[in-house]
Amino acid sequence: MNRARHQLVTRAAYDFGGVVSRWTLRALGVTHDAIRHEVEAGRWLVIGNQTVVPHTGDVSIEGRRWSAIWEIGRSITALDGVTALQAGGLRHYTDDELHVSVVHTAAVKKVPGVRLHKVIRRLPDEIMRAGVPRTKPPVAALRGAYWAVSDRQAALILLMTVQQRLATPEQLLSWSKRLRGRRRRAFIEDVLADLAGGAHSLGELDFARMCRQRGLPEPSRQVVRLGPKGRMYLDVRWKRYALVVEIDGAQHREGLAVTDDNLSRNAVTLQEEKVLRLDRIGLRLYEDEFMAQVARGLEFEQAA
């Protein structure tokens, strides 16, 4: 292959994470025989039937994503779930598989390293076409939660999506009315309510019910105390046992909310009361474990 054509191929591959499709190569005048010659000479690699790597280095994650699209079918496939979120900027979440979706009626083949999900239908505006085809963050987060292996993983995907500002709780709630998964619907609705702080989110009333179910004394709720920045409200408190429990929503993790919470918690601790911190989503996932800690806190004070 002459140098000019090789440079064209290299430039084309740059836009796709270092790989190029056979369709693009044909458009550049690179024949099937030319590709075979480069591969046999050890200068290029081939992935599957449609993807060519015009070098012998490692294939980037972006290149793997494009390859998944081309190998399954570029007109019907989109990155979805956590893979679409990662392509959109999700950080600190690891999944060795690439998740893609197609409509359930599509006849497609399996590709190694790719988890293929069939969806009942495509919503008209769910796919982003700029760059690698992928579902929009609210859709990807919801599908990722529906496809998760556990409630904990589902909650983590939704929480990280909101924390990293890939989608707002309101956007997730809006899309959830249009996008119905088969698994853990009720749980995901509860988590979305927690993230949005809505009327159905788990809070102090639910916590009091959990206490009654375990035979624990019912606490006072929304107790007003004087703190370093004026009046502060404690979620629940047992004055007799010098124990306070704070139930955090997603908003407690943003901006200066953590700093404000730390000031309030330290002020209460310095007044010789213990403070236990619970988060709403964690309480849904680990109710028994958190409530066991509350029971231990009450028993410790009773024995003192």
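# A tour from Trp66 to Arg184

Select Trp66 first: its relative accessible area is 10%, so the residue counts as buried. The model you have open is predicted. Keep Trp66 on screen and add Trp70. Trp70 has a relative accessible area of 6% and is buried too. Both tryptophans belong to helix 4, and they sit four residues apart, about one turn of the helix.

**Stop 1: the aromatic group**

Show the two rings. How are the planes of Trp66 and Trp70 set against each other? The pair is tilted, with 35° between the planes and 5.7 Å from centre to centre. Now add Phe16. Phe16, Trp66 and Trp70 make up one aromatic cluster. In total, the model holds four aromatic pairs.

**Stop 2: the sheet under helix 4**

Select helix 4 as a whole, residues 61-72. Helix 4 lies across strand 1, strand 2 and strand 3. Its angle to strand 3 is about 145°.

Hide the helix and look at the strands. Which order do the three strands take? The order is 1-3-2, in an open sheet with antiparallel pairing. Strand 1 (20-21) and strand 2 (45-47) are the edge strands, each pairing on one side only.

Zoom in on strand 2 and strand 3. Strand 3 covers residues 51-53 and runs antiparallel to strand 2, with three bridges between them. Pick Val46 and its bridge partner in strand 3, Val52.

**Stop 3: charges over rings**

Select Trp23 and Arg74. Arg74 lies over the face of Trp23, 3.8 Å from the ring centre. Then jump along the chain to Trp175 and Arg178. Here Arg178 lies over the face of Trp175, at 4.5 Å from the ring centre.

**Stop 4: Thr77 and its surroundings**

Go back to the end of helix 4 and move on to Thr77. Thr77 is in the loop between helix 4 and strand 4 (78-79). Is Thr77 buried or exposed? Its relative accessibility is 1%, which means it counts as buried.

Display what touches Thr77. Setting aside neighbours within four places in sequence, the contacts are Ile69, Ile72, Val100, Ser101, Val102, Arg122 and Pro133. Next, draw a line to the C-alpha atom of Leu116. Thr77 and Leu116 are 39 residues apart along the chain, yet their C-alpha atoms are separated by 9.4 Å.

**Stop 5: strands 4, 5 and 6**

Select strand 5, residues 98-103. Strand 5 is mostly covered, with five of its six residues buried. On strand 4, two bridges lead to strand 5, and the two run antiparallel. Leu79 has Val100 of strand 5 as its bridge partner.

Now add strand 6, residues 114-119. In which sense do strand 5 and strand 6 pair? They pair in the parallel sense, over six bridges. Val100 appears again here, standing opposite Leu116 in strand 6.

**Stop 6: a covered helix**

Select helix 6, residues 137-147. How many of its 11 residues are buried? The count is 10, and the helix is mostly covered. Among the buried residues are Pro137, Pro138, Arg143 and Tyr146.

**Stop 7: helix 7 against helix 9**

Show helix 7 (residues 151-163) and helix 9 (residues 185-196) together. Their axes come within 11 Å and cross at roughly 35°. From helix 7, the contact uses Asp151, Ala154, Ala155, Leu158, Leu159 and Val162. From helix 9, it uses Phe187, Ile188, Val191, Leu192 and Leu195. The crossing is right-handed.

**Stop 8: two positive phi values**

Most residues other than glycine have a negative phi. Two loop residues are worth a click on that account.

Start with His92, in the loop between helix 5 (81-87) and strand 5. Its phi is positive, about 65°, although it is not a glycine. His92 counts as exposed because its relative accessibility is 69%.

End at Arg184, in the loop between helix 8 (169-176) and helix 9. Phi of Arg184 is also positive, near 40°. Arg184 has a relative accessible area of 16%, so this residue is buried.

**Zoom out**

Show the whole protein chain. The secondary structure comes to 13 helices and 12 strands. Of the 304 residues, 47% are buried. Among contacts with a separation of 6 or more, 58% join residues 24 or more positions apart.

Key: Residues are numbered from 1 along each chain as its sequence is written. This is a predicted model: local features need pLDDT of at least 70, side-chain atom pairs count only at pLDDT 80 or more; totals for chains, interfaces and linings use all residues. Side-chain values use heavy atoms; hydrogens and water are left out. Two strands pair if DSSP finds at least two bridges between them. Contact means heavy atoms within 4.5 Å. Axes are lines fitted to C-alpha atoms, for helices over the stretch in contact, and angles run from 0 to 180 degrees between N-to-C directions. Rings of Phe, Tyr and Trp (its six-membered ring) pair if their centres lie within 6.5 Å; planes under 30 degrees apart count as stacked, over 60 as edge-to-face and the rest as tilted. Buried means under 20% relative accessible area, exposed over 50%, partly exposed in between (1.4 Å probe, protein chains only). A charge sits over a ring if NZ of Lys or CZ of Arg is within 6 Å of the ring centre and within 35 degrees of the ring normal. A crossing is left-handed if the near helix is turned anticlockwise from the far one by less than a right angle, and right-handed if clockwise.
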